[in-house]
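User: Please take a close look at one part of this model, the helix and the sheet that come one after the other late in the chain. I would also like to see how that part compares in description with other elements.

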Amino acid sequence: MFCAKTFAQEPIRYTTKQGLPTNHVYDMQEDTNGFMWFATKQGLVKYDGETFKTFTMQNGLPNNDTWKLDLDYQGRLWYFSKSAYQGYIKNDSIYKFAAKDKKVITPTNFSKSKDNYWFYADGIKTIENNKIVDVGLDNDEFNKLQLKLLQKLGLINNQKFGHFINPERKELIFFNTKNQELLVYDWNFNLKHSIRTNTLHNLEPPKKFIEAGLIYNQISFHAFETGVMFIDFKTNKIRFILFKDLFGVEKPMYFRCKSVKNNFQISIPGHLAIFDYQLIVKKTFSFPKQLSQYSFKDSRDNIWLTSISSGISLIPNTQLQTATYFKNQKVQKINKIGEDLYVGINNKGIYTLNTKNDVIKNLYKFSVPHSEVYQIKKDKFANKTFIVTAIQTFTNDYGKLSPIKIKGTNDNYFSYGYGEKDIITYKGSIFSIHNSSILKTIPGEECSKIVVNKNGLTNAKIFNNELYIGGSDGLYQLENDTLLKPIHQNELLNVPISALTASNNYLIIGTDGRGVYLYNKRSFFHLKITDGLSLKRILKVNDTLWLASQKGVKKILLNKEDLTQSTIINAFYVSDGLLQNNTNDIYLQDSLLYVASDIGVAKINLNQKAYKQAPKIYFKTTQDTLYFKNGERNNIAINFAIQDYVNQEHVNYKYRLLPINKDWTSTESQILNFTNLSPKMYVLEIKATDQHNNERIEKQYLNVIPAWWQTLWAKIGFSILGILFILGLFTIIKNQIRKKEEAKAEQNKHIASLELQALRSQMNPHFVHNSLNAIQYFIQRNEVELSEKYLVKFSKLIRLFFEYSRRQSITIKEELELLTYYLDIEKLRFEEKLNYTITVCNNIDQDEQLIPSMILQPIVENAVNHGLFHKQGNGTVTIEIKQIDDKTFQVEVKDNGIGIIKAKEIYKSSSKNYQSNSSAVLHERLDLLNQSKDWNILYNIKDISTINDGKGTSVTLTFNQPKA
């Protein structure tokens with residue numbers, strides 16, 4: 001006999017209301033990724049813990065009415081139905097293969113090995129070259145061999161052998177019940193050997209056959225109406241197990257065997273057995289028969305049940321490993337005294353639960369309604385255990401409850417448990433906390449007395465040898481039989497108090513709605529992480545607090561550096577095995593946690609494997625790396641989830657996108673959206689942390705593909721083009737600079753040539769000849785002094801010509817000096833018929849203001865030679881220089897000669913060979929000076945007769961220096 005663990009809690013139910021296409025479910029199987037699949041009458045269904053996804057004929061199934069699922073070594077999920085096609089699913093893709101001539105077949109007796117999968121349908125079949133084929137066993141020869149064996153053993157023709165076909169070893173096995181042996185033949189029908197056994201008597205008289213197959217590790221199963229036989233072909237070990245011995249069931253209607261990595265499982269309606277591959281039963285389970293035609297234990301130890309009318313049921317692993325007591329009873333208080341857990345049940349009584357053998361006893365049964373249980377506590381000062389209820393307060397003496405009674409002033413006995421909420425011994429006296437008063441009993445005195453009249457008091461605790469009282473309006477201290485408010489001013493001190501405990505340094509207060517705060521007369525700390533909790537019990541264990549709250553059981557790690565920043569390091573909810581999240585009390589014994597609630601007590605083993613498993617994150621994509629083209633990078637959505645069929649609610653998520661985010665970001669959404677990601681490879685990391693502080697990080701690679709102009713080759717090409725462009729631009733600029741330098745050199749050369757021409761024009765032969773003749777004339781007249789005077793001026797003029805010709809600019813003073821010498825010489829030639837005047841504006845600094853070298857001499861020369869030379873009588877040349885603005889001045893050269901119009905007429909009619917080119921040289925110089933950007937010079941010449949009644953010529957030069 002095997003002891004079966006009976007399921008006591010309600011399973012989680014899934015029907016059409018939760019998303020199933022039908023409540024008619026045939027089979028189930030877990031795939032290699034941990035997802036659950038279900039074969040139903042209306043298609044295959046995949047469940048990820050959140051939603052059901054249905055695959056039908058529209059998705060490629062050959063038949064919606066699919067009734068068998070199995071997983072092979074290669075991760076293929078095989079499906080079978082009455083159809084011309086059979087196949088498997090992998091990565092959510094459906095593969096199907098046609099039978100010969102597309103004949104409709106009904107597969108049975110499934111076998112699998114590491115490399116192959118077989119089934120029976122009018123012979124042993126498998127899948128090769130994408131079609132269903134026979135493996136080569138001749139059915140006619142098989143029938144002949146079976147008939148021959150029957151005749152040899154003297155059996156009648158209609159009494160066929162039980163048999164099994166092992167497709168991996170290509171063997172035929174016949175069950176010879178007459179001689180208690182197995183006959184093993186090869187597929188050529190040659191006897192290989194026989195195996196003696198004493199188990200085949202279980203088949204006598206012949207039993208109805210249900211199902212057979214080959215599972216992992218070369219183990220076959222053979223299910224009959226009364227039991228199942230296993231054959232280990234590696235060791236030739238045979239074992240037959242009766243269903244009556246295994247499950248207490250004589251003849252089940254259905255049987256299913258499934259093999260997984262570490263074990264194989266058999267299920268019948270209402271029962272499941274787990275075997276190892278040594279054919280040893282490891283564990284059995286029983287369930288409500290109406291919920292479980294078949295059952296299956298997944299890789300996380302959850303148990304799934306299927307039914308052809310009730311859909312799917314799930315028994316979480318935590319519930320399977322959690323013992324429950326006092327089911328559907330409102331358990332208000334628990335505490336351990338000795339070996340027993342004392343249990344106070346509303347309106348029922350006081351019970352004990354032996355923590356070693358789970359024996360339950362009733363110590364006291366309530367007989368009146370509204371029998372609340374307020375305290376089960378040990379009083380170390382009185383060395384007693386008090387049990388405080390609404391109708392009576394008891395002491396516990398070796399498992400016997402004794403009511404406490406006190407003699408009152410009227411010689412009547414009364415229970416000071418009636419209406420009592422708590423009791424405590426303080427400084428030798430007993431204080432009982434009633435709803436509206438505090439009663440004090442001094443040992444030796446005949447009567448008790450009321451020391452405080454106040455409504456809403458609930459509990460009491462001694463801390464630092466001082467008595468504190470909790471009530472509906474906060475915390476009080478009882479001092480000299482008077483209630484006093486704490487010295488601290490904080491609104492939390494006025495919040496209703498529901499639990500009190502103490503450590504060496506702090507009174508620990510549990511409130512109704514504001515969590516926990518720690519108090520002493522020097523300091524006050526609110527544990528912010530607990531805000532919002534209503535507490536029924538606080539246990540202090542080392543540096544941790546265990547809290548019974550309306551939101552499950554919490555374990556707090558106290559932060560010694562900053563108590564307000566203490567953190568929750570563990571939590572337990574219904575998904576962890578609690579009967580309710582709304583808890584009334586807790587008791588902790590080593591690794592066992594007892595939790596009381598309105599519907600019973602749950603005993604949780606804190607060392608369960610289920611509490612140490614990290615959440616399993618998966619991305620709802622089939623690729624490890626997702627690729628996004630340039631146009632898709634502005635709207636990237638990544639969907640992730642956790643694969644947990646029980647605990648989806650109590651998981652927190654954080655993410656970061658490397659390399660652009662180093663810090664984690666919290667999120668409540670399981671869809672992450674990213675926009676404007678630049679082309680590169682990213683790593684999206686998701687971190688999931690459950691209520692037990694287990695965490696797991698999974699990665700999804702995101703490759704944002706650059707546009708063609710963003711690719712490496714394009715960048716290289718653009719870089720090369722850029723370099724070539726820069727080189728070309730550099731070459732162009734270099735050539736331009738070279739050309740400018742050449743042009744400037746040519747310009748300088750031309751300027752030098754012009755200056756030479758100007759010098760030549762200024763030193764024209766007529767001027768030199770006439771000047772020397774005039775000087776010679778004075779010498780011949782013995783006017784030595786005058787001739788020397790002019791000779792000196794002439795020599796100075798020649799020297800200035802040569803000196804100034806080497807300079808680009810000279811001062812106005814130097815320019816006027818040269819003109820003075822020139823005009824003085826010309827006066828000698830004109831024999832005093834020539835006069836001149838030079839006027840300079842006072843605003844012009846003649847020593848500082850520059851002017852292009854010898855620019856005025858050609859103009860003055862023209863005024864003398866072309867304006868005054870042909871004039872009858874005396875002539876005058878006037879030079880006037882005036883300031884226009886800070887950078888501009890103007891020079892006007894006027895003569896009262898014949899005028900430019902008359903001079904041009906004379907020039908045209910002249911037959912002389914000599915022509916002055918000073919004007920042409922002047923104009924070229926002016927153009928070059930303006931091109932140099934050093935000067936802006938405006939030149940204007942007018943015949944005075946066109947302006948007024950006078951005669952002569954006016955030449956105006958306006959000089960501007962932009963860089964001055």
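Analyst: What follows starts with one helix, goes on to the sheet after it, and ends with another sheet and a surface patch.

The model is a predicted one, and the values below are computed from it.

Helix 7 covers residues 812-830. At 1.5 Å a residue, its 19 residues should span 27 Å, and the end C-alpha atoms lie 26 Å apart, which agrees with that expectation. As for its surroundings, helix 7 is mostly covered, with 15 of the 19 residues buried; buried here means under 20% relative accessible area. The residue that follows helix 7 is Glu-831, and its phi is positive, near 55°.

Strand 69 takes up residues 834-840. This strand belongs to an open sheet of 5 strands, ordered 69-71-72-74-73, with mixed pairing. Strand 69 and strand 73 (936-943) are the edge strands; each has a single partner, so one side of each is left without a neighbour in the sheet. From one strand to the next, the twist of this sheet averages 10°. The partner of strand 69 is strand 71 (residues 875-885): the two run parallel and are joined by 7 bridges. Within this pair, Leu-834 stands opposite Gly-875 in strand 71. Strands of a sheet pair through backbone hydrogen bonds, in either a parallel or an antiparallel sense.

Another sheet can be described in the same terms. It is open, has 4 strands in the order 7-8-9-10, and its pairing is antiparallel. Its edges are strand 7 (66-71) and strand 10 (93-98), each with a single partner strand, so each has one side without a neighbour in the sheet. Here the twist averages 25° from one strand to the next. Strand 10 pairs with strand 9 (residues 85-90) in the antiparallel sense, over 6 bridges. Tyr-88 is found opposite Tyr-95 of strand 10.

The last element is a nonpolar patch on the surface. Its residues are Trp-708, Trp-709, Leu-712, Trp-713, Ile-716, Phe-718, Ile-720, Leu-721, Ile-723, Leu-724 and Leu-727, and together they have about 1,300 Å² of accessible area. One of them, Ile-723, lies in helix 4, which spans residues 712-762. Ile-723 counts as partly exposed because its relative accessibility is 49%, and the exposed class begins over 50%.

Conventions: Residues are numbered from 1 along each chain as its sequence is written. This is a predicted model: local features need pLDDT of at least 70, side-chain atom pairs count only at pLDDT 80 or more; totals for chains, interfaces and linings use all residues. Side-chain values use heavy atoms; hydrogens and water are left out. Patches are made of residues with over 30% relative accessible area and no salt bridge: like charges are joined within 9 Å, nonpolar side chains (Val, Leu, Ile, Met, Phe, Trp, Tyr) within 5 Å. Accessible areas come from the Shrake-Rupley method with a 1.4 Å probe; for residues, only the protein chains shown count as cover. A salt bridge is a side-chain nitrogen of Lys or Arg within 4 Å of a carboxyl oxygen of Asp or Glu. Buried means under 20% relative accessible area, exposed over 50%, partly exposed in between (1.4 Å probe, protein chains only). Two strands pair if DSSP finds at least two bridges between them. Axes are lines fitted to C-alpha atoms, for helices over the stretch in contact, and angles run from 0 to 180 degrees between N-to-C directions. The expected span of a helix is 1.5 Å times one less than its number of residues.
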